[in-house]
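Here is a short set of questions and answers for a first-year student. Please look over the sequence and the structure before reading on.

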Amino acid sequence: MIYRHLIRPLLFRCEPEWAHDQAILWSGRLESVPGLVGVLSRLHRVTDPRLQVELAGLRFDNPIGLAAGYDKSGRAIGAMESLGFGHVEIGSISASPSLGNPKPRLWRLPQDHAVCVHYGLPNEGAAAVARRLSGRQFKAPLGINLVNTNQGPSAAPQNAQSILDDYCISAKALAPFASYLMLNLSCPNTADGRDFFDQPGILDGLLQGFESLSIDVPVLLKISPDGDASRTDRLLETVDRYDFIKGFMFNLSPSRRLGLTTPSDVWSRWPGAISGRPIRAWMDELTCRLYRQIDHGRYQIISAGGIASAEDAYRRIRSGASMVQLLTALIYEGPGVVKRINRGLIRLIKRDGLANISQAIGVDAN
Ligand SMILES: Cc1cc2nc3c(=O)[nH]c(=O)nc-3n(C[C@H](O)[C@H](O)[C@H](O)COP(=O)(O)O)c2cc1C
C-alpha cells in the first residue's frame with residue numbers, strides 16, 4: 001500500500017533509467033549497514049517446505065527469482081535476496097564492459113503495468129563483476145546471465161568465433177561464483193542477439209566451446225520467444241547432445257507488441273521490447289508449448305513475463321515452469337511483491353491439496 005500510493009508515484013515522476021540506477025545504488029549501500037540485510041530478510045522471507053523446489057540438482061527455498069536485467073553487474077545481490085527471492089539472477093554480463101544502447105532506452109507504460117526496454121546490455125564486464133563477487137557468499141542460489149559484448153552501433157561487425165569466445169571468456173571468469181549460468185542467446189535489443197544462433201553450426205560451436213571449459217555448474221539457455229515450435233525442435237536437436245544444458249527460459253521479443261491498451265502514438269517510436277502484464281498470457285502459452293516439447297527427465301523451465309501475483313506464478317508453474325522470475329512487478333508492485341506471491345502460493349497449494357509446489361509443474365500443459 002505504502003509503495004503503491006506513496007513511493008511509486010514519486011518514483012514515476014523520475015526518469016525511468018535514473019530511478020532504476022538509484023534503486024540499485026541505494027540497495028547496494030544498504031548492504032553495508034550492519035545487520036540491515038538480515039532484518040529485511042526476516043521481514044520478507046516466507047519459509048515453508050511446500051515452496052521448496054529443485055532445479056538442475058540445486059535446491060531453492062521458493063520458486064520466485066529476480067530476473068536478469070535488474071541488477072546487471074551484481075551490485076546489490078544481498079539486498080535483492082533480502083526481498084525474499086528464492087534465487088537472484090544477475091546480468092546480462094559480457095566479456096568486456098559495455099555502455100549499451102544510446103539513451104533514452106527505458107520507458108514505462110503505467111496503464112499496462114509494462115516497461116519498454118532498449119538497454120542493449122550495459123554492464124561492467126566479467127572481470128569487474130568477478131572481482132566484486134570474489135569472497136562473497138549468498139544464502140540463495142545465484143544465477144549469472146552471460147551475453148556477447150555489445151560494442152555499440154559504430155563498431156565493426158564481429159565475426160562468429162569472436163562472439164562465441166566472448167561467452168566462453170565470461171563463463172571462465174564467472175562460473176566459480178555462480179550456482180547456474182544462463183546463456184542469453186536472444187537479446188532483443190542488439191543486432192547479433194536476434195537470430196545469430198539460428199545459423200547452422202553456431203549453437204553447436206558455442207556448446208562445444210563450453211564443453212571444453214569443463215564448467216561444473218548447470219547451464220541454461222535464454223532463447224527467443226519468436227517463431228513456432230519447429231524453431232525449438234531444431235534447437236533441441238543440437239542441445240540434446242550436451243548433457244550440461246539443464247533447461248531453458250524465454251527472453252522478451254523485439255517485435256511483438258500485442259495486447260497494449262496504451263495508445264500506439266505513445267510507444268510507436270520507442271525501439272525495444274515490452275515486458276510485464278501484456279506478455280503474461282503469451283508467456284503462459286509458450287511455457288505450455290515448450291513443456292510439451294522437452295524431455296522432463298533432462299530439462300526444466302524457468303519462466304518470466306508478467307508475473308505479479310500468486311495466481312500468475314501458480315498458473316505459470318501449472319503451464320510447465322519449475323520456477324518463475326519477475327522484474328517488471330518489482331517496479332509496479334514494489335519490494336513486498338515476493339512475499340505476497342509466496343504467501344499466496346501456500347494458500348493455493350493448500351486449496352489444491354498438494355504436498356509441494358513441484359506437484360503443480362506442468363499439470364495444465366498436457
Ligand atoms: C529493464 C529490463 C532490463 C532487462 N535486461 C535484461 C538483460 O540484461 N538480460 C536478460 O537476459 N534479460 C533482460 N530483461 C528481461 C527479463 O529478464 C525478463 O525476462 C523479462 O523482463 C520478463 O519478465 P517481467 O515481465 O517480469 O519483467 C530485462 C527486462 C527489463 C524490463
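The turns below deal with the ligand and with the nonpolar cores.

This is a predicted model, in which local features need pLDDT of at least 70 and side-chain atom pairs count only at pLDDT 80 or more, while totals for chains, interfaces and linings use all residues. Residues are numbered from 1 along each chain as its sequence is written, and side-chain values use heavy atoms, with hydrogens and water left out.

Q: What makes the pair formed by Ser92 and the ligand a polar contact?
A: A polar contact is a pair of N or O atoms within 3.5 Å (within protein, one must be able to donate a hydrogen and the other to accept it, and residues adjacent in sequence count only if both atoms are side-chain atoms). A polar side-chain atom of Ser92 lies 2.7 Å from a nitrogen atom of the ligand, so the pair meets the cut-off.

Q: Why does the pair formed by Asn184 and the ligand count as well?
A: Here a polar side-chain atom of Asn184 is 3.2 Å from an oxygen atom of the ligand, and therefore this pair also falls within 3.5 Å.

Q: Which part of Gly276 is 2.8 Å from an oxygen atom of the ligand?
A: A polar backbone atom of Gly276 lies at that distance.

Q: Why is the set that includes Trp107 and Trp267 called a core?
A: A nonpolar core is a set of buried Ala, Val, Leu, Ile, Met, Phe, Trp, Tyr and Cys residues joined through side-chain atoms within 4.5 Å, where buried means under 20% relative accessible area (1.4 Å probe, protein chains only). The largest nonpolar core has 103 residues, and Trp107 and Trp267 belong to a second, separate core of eight residues, which also includes Leu109 and Leu260.

Terms used:
Buried < 20%, exposed > 50% of the residue type's maximum accessible area, 1.4 Å probe, protein only.
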